Amino acid sequence: MNIKQRVISLITEVDNGKYSNIALNDYFKDNKLDKKERGFITEVFYGVIRNKIFIDAMIDKRAREIKKDWLRNLLRISVYQMTFMKSDEKGVVWEAAELAKKKFSVPVSRFVNGVLRGYAREKDKEISELKENGRFDILYSYPLWFYEKIKADYGDKTEEVLKSLKKIPYMAVRVNKLNYSENEFETLLNKMDIKIVKKVDSVYYLDSGVILYSDEFKNGKIIAQDGASYLSVKVLNPKPDEKTLDTCAAPGSKTVLIAEFMENKGEIMALDIYPHKIKLIEENCEKMGIDIVKAVKMDARKLKEQGKKFDKILVDAPCSGYGVIRKKPEILYSKGIENVEELSKLQYEILESASQILKENGELVYSTCTITSEENTGNVKKFLENNPDFEPVPFEIPENVNGDFDEFGGFTINYKEEILDNFYIAKFRKKGE
């Protein structure tokens with residue numbers, strides 16, 4: 001199969017609702033490809049998804065109607081190559097026309113040739129006009145509502161934010177210090193000729209994802225986890241023999257990290273509302289050699305009913321996910337502002353519920369993997385106003401992680417950070433006698 005046909009099938013899967021990272025990982029597991037082929041497929045696949053609004057705008061200006069998804073995806077791949085890669089434009093046009101001829105007919109091949117040659121002639125002018133007219137929503141491929149939301153929240157930093165969220169992500173894994181060491185892991189990376197892009201404590205950003213196929217990953221010596229997610233647990237700082245609650249735990253990467261901080265001593269309750277996700281938590285704990293976690297199917301809004309109180313609570317709430325657009329670019333095209341509003345309400349309900357079962361002098365961390373003000377600072381402001389028995393707790397962030405603190409001491413890893421996911425972390429203490 002032609003390599004572009006492979007990409008077309010993958011993009012079609014995402015258009016039909018499959019997460020991009022799952023689609024690509026599944027494909028690479030099932031197909032043996034060399035490094036060059038994997039690299040090309042990854043770049044073009046994610047590149048088309050990241051830039052879909054721009055690409056479709058360019059295609060739609062030159063084609064009234066395209067009924068075949070396969071054909072549209074062929075044009076998308078070609079426009080991406082011509083705009084964002086150092087590809088020979090004539091070669092791109094020729095190959096696309098040949099693929100269309102083999103798949104459909106000579107007239108369809110001529111249509112593809114005409115659309116792409118027209119774009120090649122006019123693309124520089126098109127891009128300049130978008131910049132001059134301030135159409136950054138199209139230029140950087142964002143729904144108009146999202147662009148306007150970012151503009152309202154970030155003002156003159158809007159373009160920086162939009163560019164930041166489209167950067168290519170790196171693979172991030174964390175060393176499980178309960179049964180592995182950083183020195184051992186770095187020795188493995190040298191053997192596999194994998195470069196370290198950035199390191200945040202025990203989290204490594206790598207220039208290759210092949211580490212996920214290693215025995216060390218399969219045996220739980222390392223786990224896929226972003227540094228931002230890691231920091232939410234580090235800020236919580238759970239200790240051995242404490243009782244800790246992870247309110248929205250699946251798939252369990254933060255749960256096992258909590259256990260690591262606790263040296264696998266004490267008690268952790270990990271919640272999710274779906275039975276299959278409870279199984280994921282249990283599997284992750286078993287894989288990582290953790291035995292102090294009790295995974296429970298429960299709606300975190302009903303925590304008071306379970307009767308226990310906790311020393312530490314992590315509320316890593318369900319969110320819109322706009323901090324991980326680099327890894328899951330397709331989420332931009334499936335949600336609207338109404339989803340943000342619904343989620344901010346849900347997040348607040350979980351935060352309120354969790355606060356009721358925190359012990360006096362206990363500490364709680366609220367975190368999200370998104371950047372909207374409603375889901376982050378807005379919820380924290382509301383919570384502190386409604387709960388005078390809670391106070392913000394100052395915390396430190398590693399010097400090599402960039403972002404900003406808000407007026408309540410919450411920290412946003414934002415557009416200033418080149419590598420980590422965008423993320424929000426706030427910490428509170430329940431006042432005691």
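Let me start with Thr370, which touches Cys319, Ser320, Gly321, Tyr322, Gly323, Glu375, Asn376, Asn422, Phe423 and Tyr424, leaving aside residues up to four places away in sequence. This is a predicted model, so please keep that in mind throughout. Thr370 sits in the loop between strand S9, 358–368, and helix H17, 377–386. Is Thr370 buried or exposed? Its relative accessible area is 0%, and the cut-off for buried is under 20%, so Thr370 is buried.

Two of those contacts, Phe423 and Tyr424, take us to strand S13, residues 423–430. Seven of the eight residues of S13 are buried, so the strand is largely enclosed by the rest of the structure.

Now, which strands pair with S13? S9 does, in the antiparallel sense, over six bridges. Within that pairing, Ser367 has Ile425 of S13 as its bridge partner. Strand S10, residues 390–392, is also antiparallel to S13, with three bridges, and there Phe390 is opposite Lys430. Strand S12, residues 411–413, pairs with S13 over three bridges, again in the antiparallel sense. In this case Phe411 stands opposite Ile425. Ile425 of S13 therefore comes up twice, as the bridge partner of Ser367 and opposite Phe411, in a strand that is largely enclosed because seven of its eight residues are buried.

While we are on S9, one backbone point. Asn361 lies in strand S9. Asn361 is not a glycine, yet its phi is positive, about 70°. As background, most residues other than glycine have a negative phi, and most peptide bonds are trans.

Asn237 is another non-glycine residue with a positive phi, here about 55°. The place of Asn237 is the loop between H13 and S5. With a relative accessible area of 29%, Asn237 is partly exposed.

On the other side of S5, Pro251 is in the loop between that strand, 243–246, and H14. What is the peptide bond from Ala250 to Pro251, cis or trans? The bond is cis, with omega near 5°.

That brings us to the helices. Two packed helices are described by the angle between their axes and the distance between the axes. For H13, residues 227–236, and H14, residues 253–261, the angle is about 40° and the axes are 10 Å apart. Oblique starts at 35 degrees and roughly perpendicular at 65, so H13 and H14 are oblique to each other. The crossing of H13 past H14 is right-handed. On the H13 side the contact is made by Ser229, Tyr230, Ser232, Val233 and Lys234, and on the H14 side by Lys254, Leu257, Ile258 and Phe261. Sorted by class, the residues of this contact are five nonpolar, two polar and two charged.

The other helix pair I have is H3, residues 35–50, with H5, residues 69–84. These pack at about 100°, with their axes 9 Å apart. Angles from 65 to 115 degrees count as roughly perpendicular, which means H3 is roughly perpendicular to H5. H3 contributes Phe40, Glu43, Val44, Gly47 and Val48 to the contact, and H5 contributes Arg76, Ile77, Tyr80 and Gln81. The class breakdown for H3 with H5 is five nonpolar, two polar and two charged residues.

To close, back to where I began: Thr370, buried at 0%, in the loop between S9 and H17.

Methods:
Residues numbered from 1 in each chain as written. Predicted model: local features only at pLDDT ≥ 70, side-chain atom pairs only at ≥ 80, totals over all residues. Heavy atoms only, no water. Axes fitted to C-alpha atoms, helices over the stretch in contact; angles between N-to-C directions. Helix = DSSP H or I, 4+ residues; strand = E, 2+ residues; numbered from the N terminus. Parallel < 35°, antiparallel > 145°, perpendicular 65-115°, else oblique. Left-handed = near helix turned anticlockwise from the far one by under 90°. Contact = heavy atoms within 4.5 Å. Nonpolar A, V, L, I, M, F, W, Y, C, P; charged D, E, K, R; others polar. Buried < 20%, exposed > 50% of the residue type's maximum accessible area, 1.4 Å probe, protein only. Pairing = 2+ DSSP bridges.
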